[in-house]
Number of protein chains: 2
Amino acid sequence: MEFEDLIRELRAIRISGNAEALANLLEQVLMADVAEAIKEQLARQTFRIREVRDLMVLMDDQSAAALMGYFPSTLQEVLVELLEPAKLAKIIDAMPHDERADLFNLLSEEEQSELLQGMSQPEREDMQRLASYDEGTVGSVMTSDFATVDAQATAADAIKHLRATGKDKETIYQTYVLDEDLSLVGTVSLKDLIMAEPDDKIADFMTMDPLFVRADEEREVAAQAISKYDLLAIPVLDEKKHLVGIVTYDDAMDVASEEADMDFRKVGAVGSIAGGLKEASIRLLYKKRVFWLVLLVFGNIFSGAGIAYFEDTIAAYIALVFFLPLLVDSGGNAGSQSATLMVRALATGEVMMKDWASMLGRELAVAGLLGATMAAAVSVLGIWRGGMEIAIVVALTMQLVVIVGSVIGMSLPFLLSKLKFDPATASAPLITSIADACGVIIYFAIATVILDIPAAIA
Amino acid sequence: MEFEDLIRELRAIRISGNAEALANLLEQVLMADVAEAIKEQLARQTFRIREVRDLMVLMDDQSAAALMGYFPSTLQEVLVELLEPAKLAKIIDAMPHDERADLFNLLSEEEQSELLQGMSQPEREDMQRLASYDEGTVGSVMTSDFATVDAQATAADAIKHLRATGKDKETIYQTYVLDEDLSLVGTVSLKDLIMAEPDDKIADFMTMDPLFVRADEEREVAAQAISKYDLLAIPVLDEKKHLVGIVTYDDAMDVASEEADMDFRKVGAVGSIAGGLKEASIRLLYKKRVFWLVLLVFGNIFSGAGIAYFEDTIAAYIALVFFLPLLVDSGGNAGSQSATLMVRALATGEVMMKDWASMLGRELAVAGLLGATMAAAVSVLGIWRGGMEIAIVVALTMQLVVIVGSVIGMSLPFLLSKLKFDPATASAPLITSIADACGVIIYFAIATVILDIPAAIA
């Protein structure tokens, strides 16, 4: 079904209030598509959040919970306000444990305690624990809704147990074996269970000492492990080595994609906007972008001051100005290339802090070759525009600025990482600004010496 | 086990030629870690590819095949040369169908036909078909190794069938139901099979009209669908609607990560380097980077020419040069911000071609606000450095360059996409160069008019 048809039907159903028609429609379409169609209409302001609320009220709780899970937190926040407390409680109850904890964190304290009152004690404790993990940690993306099985059970027993208890679990493709301390002793995949003889004991064929992550580690750690080892899910342990949750591959995919988006935006000097570009308000975009633009102005004031310092050199050889953008930008461009490669390699864990020295050697080799090539190219231009002396100045400058820019570009991400900042903060524009200021000074210093001009102050 | 210990043991085993010790070691460690340790040693040149070959000869074929699958194609190519044809054939036979087809494409024609001769006809045809898909298509990342089941079978029959045939399948968590034409009529998950009553017929509870992708679509399409709908695998159909393969979630994760890397690198003006940064040779890095650096020089020649054209203006008001980097870079920075946001949003499918007009409206609003803020900030600097007239020139220029830069930055990715280029080619440095040249002209044109200076030629 096309999005337009879907939206048309949703509108008609909202007006008629026909819950049965809505149930029929939801059987034919995927909830991810319903959510996307609604988000698109909201962004175009051709659909109102109140209308979404009305539709959620018409739906069964399972569907409303699924739909809620596809919405960004900004939208969830408004819906929480608009929904009746009784309906909201039912929807939250039907949500997966991890999504429900995220939603819980959006509520006011009053709403939180109201909601907790309506829950059974184990559910309440589970929700409070999941909601307590800091954003960006493994704990914040894990779910506590995993399947467990007894080590002494047979494969047939385990399958029977999964049939009885697994219906609403996040996944039954991985099952976890705990000892009486709730410590993790092994995992069994559903494939293992199916392939085993019905009488085989779990303890005899489970995977011992499985890979795990800690709840307080960064969420990327879980995503990287799942991707590297092709896992369906990874168990999460607390500081006492108890199994407190699992991260599933689909959540890992979301984490990897969000992290890539955030790195991308930081490198483009936009700051980290969580969520989609279409959903970002003009106000948010302004706020995230203006910070960097103003900050970079200060970087450029250094370049300007460098130029002002050498005003006499410029006045004596006005032809030097022709080469200014070319030389200065080449250093910045080489630097932003290096930074780009390094930021992403550090983010994906491909390159570690300890690799700095060996990467520096390679960077110097590559930058040396690049600088020499560029110097040869611009020296021709130099002879044509200003004669041999200018050509020498320009070529020497080019060789140096490309090397300096590249080394700054590759080193800054490491330095930031060392100082516990996100390496992606070494954005291309930041590197460019720093390399520019260095380039101005290198250029005019070389020019002053070779062309034998007295500097402004000298 | 630490990587150093692992490498030490591998070295010792290679020298002693003790196949049993190797088999024991491989039981205790994960193959992904063995592969990573070896790749790291190779990059540091403390391990030789011949030694890897020796280890592969000592391993059983299954392990050697798994190890081969973790290596980048550059390394596979050398290993193919070094391995005995008989051992190579066994290793290839044990590899998953998709990885095996990729490896096949690395062989010379002679080696290919030699290899094909040793295979059964269905295997040969399968390999040839998989290897025939263009790189970057769904076909190039799918596997033909999927499980099928009869629509008339019961759940119990289907599980029995999977036990008998599923051991070496890529996944048994999704099973596909075909009609006599080999067309796809439905899918069943292993969870569905487990949860169903043993006597239930597949036809009664399978998912009809499942989502699918076409083999000739771009591979990102499969990865995006798997991520959006939280699938374990997505079926791949050919132009006759026959089921020819599946893409599994783990391959989708690799595709998403590689695509993010490639976009990242393109935006950083490095070109698309496939594979890891550590494995890239100095020669490859030089080649990928020099192209962009030289190309961008041409962009900067326009800026230089613009400056040369206004040399008289500059000579009359040398103070203008102070603001040159600041104004010109601000336009470039604003542009690279916009481009960054747009490139990634287009790549992930969040923003479509049809959204250009609505995005342009928002961009103008944001850029207008940003420009006004920046103009206010620099006008203070302008008064201080050069008086009221200079301040007006500088503020007006700032407002304009931020808007022009932003519009170029957001529009170029759309334009490239329209022309069937990758939007990520609108790299930050490219946007910066174009915005720079525009900035120079805007700046000096405004200065010439307001300060009433005759231009060079006029």
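**Group meeting: a helix crossing, the whole chain, and two alanines**

Okay, let's start with a helix pair in chain A: the axes of α4, residues 49-58, and α6, residues 73-82, come within 10 Å and cross at roughly 65 degrees. Keep in mind that this is a predicted model. As for the hand of that crossing, α4(A) and α6(A) make a right-handed one.

So who's actually touching whom? On the α4(A) side you've got A:Ile49, A:Arg50, A:Val52, A:Arg53 and A:Met56, and on the α6(A) side A:Leu75, A:Val78, A:Leu79 and A:Leu82. Sort the residues of that contact by type and you get seven nonpolar, two charged and no polar.

Let's zoom out to the chain. Chain A has 21 helices and seven strands. How spread out is chain A next to a compact globule? Its radius of gyration is 30 Å, while the globule rule gives 23 Å for 458 residues; the value is well over the rule, so chain A is more spread out than a compact globule. If you'd rather think in boxes, the C-alpha atoms of chain A fill one of roughly 90 × 60 × 40 Å along the principal axes.

What about burial? In chain A, 54% of the 458 residues are buried. The exposed area of the chain is about 19,800 Å², and 55% of that comes from carbon and sulfur atoms. And if you take contacts in chain A between residues at least 6 apart in sequence, 67% of them join residues at least 24 apart.

Now a couple of individual residues. First up, A:Ala147, which sits in strand β1 of chain A, residues 147-149. Buried or exposed, this A:Ala147? Buried: the relative accessibility is 2%, and the cut-off for buried is under 20%. Leaving out residues up to four places away in sequence, A:Ala147 touches A:Leu162, A:Lys169, A:Thr171, A:Gln174, A:Thr175 and A:Tyr176. Take A:Gln174 from that list: A:Ala147 and A:Gln174 are 27 residues apart in sequence, with 7.4 Å from C-alpha to C-alpha.

Over in chain B, the one I'd like to show you is B:Ala64, in helix α5, residues 61-70. B:Ala64 has a relative accessible area of 0%, so that's buried as well. Which residues does B:Ala64 touch, not counting those up to four places away in sequence? They are B:Met56, B:Met59 and B:Ile91. And for a pair further along the chain, B:Ala64 and B:Ile7 are 57 residues apart in sequence and 16 Å apart in space, C-alpha to C-alpha.

That's it from me.

Technical notes: Residues are numbered from 1 along each chain as its sequence is written. Chains are lettered from A and ligands numbered from 1 in the order in which they are written. This is a predicted model: local features need pLDDT of at least 70, side-chain atom pairs count only at pLDDT 80 or more; totals for chains, interfaces and linings use all residues. Side-chain values use heavy atoms; hydrogens and water are left out. Axes are lines fitted to C-alpha atoms, for helices over the stretch in contact, and angles run from 0 to 180 degrees between N-to-C directions. Helices (H or I, at least four residues) and strands (E, at least two) are DSSP runs, numbered from the N terminus. A crossing is left-handed if the near helix is turned anticlockwise from the far one by less than a right angle, and right-handed if clockwise. Contact means heavy atoms within 4.5 Å. Ala, Val, Leu, Ile, Met, Phe, Trp, Tyr, Cys and Pro count as nonpolar, Asp, Glu, Lys and Arg as charged, and the others, Gly among them, as polar. The radius of gyration is taken over C-alpha atoms; the globule rule is 2.2 Å times the number of residues to the power 0.38. Buried means under 20% relative accessible area, exposed over 50%, partly exposed in between (1.4 Å probe, protein chains only). Accessible areas come from the Shrake-Rupley method with a 1.4 Å probe; for residues, only the protein chains shown count as cover.
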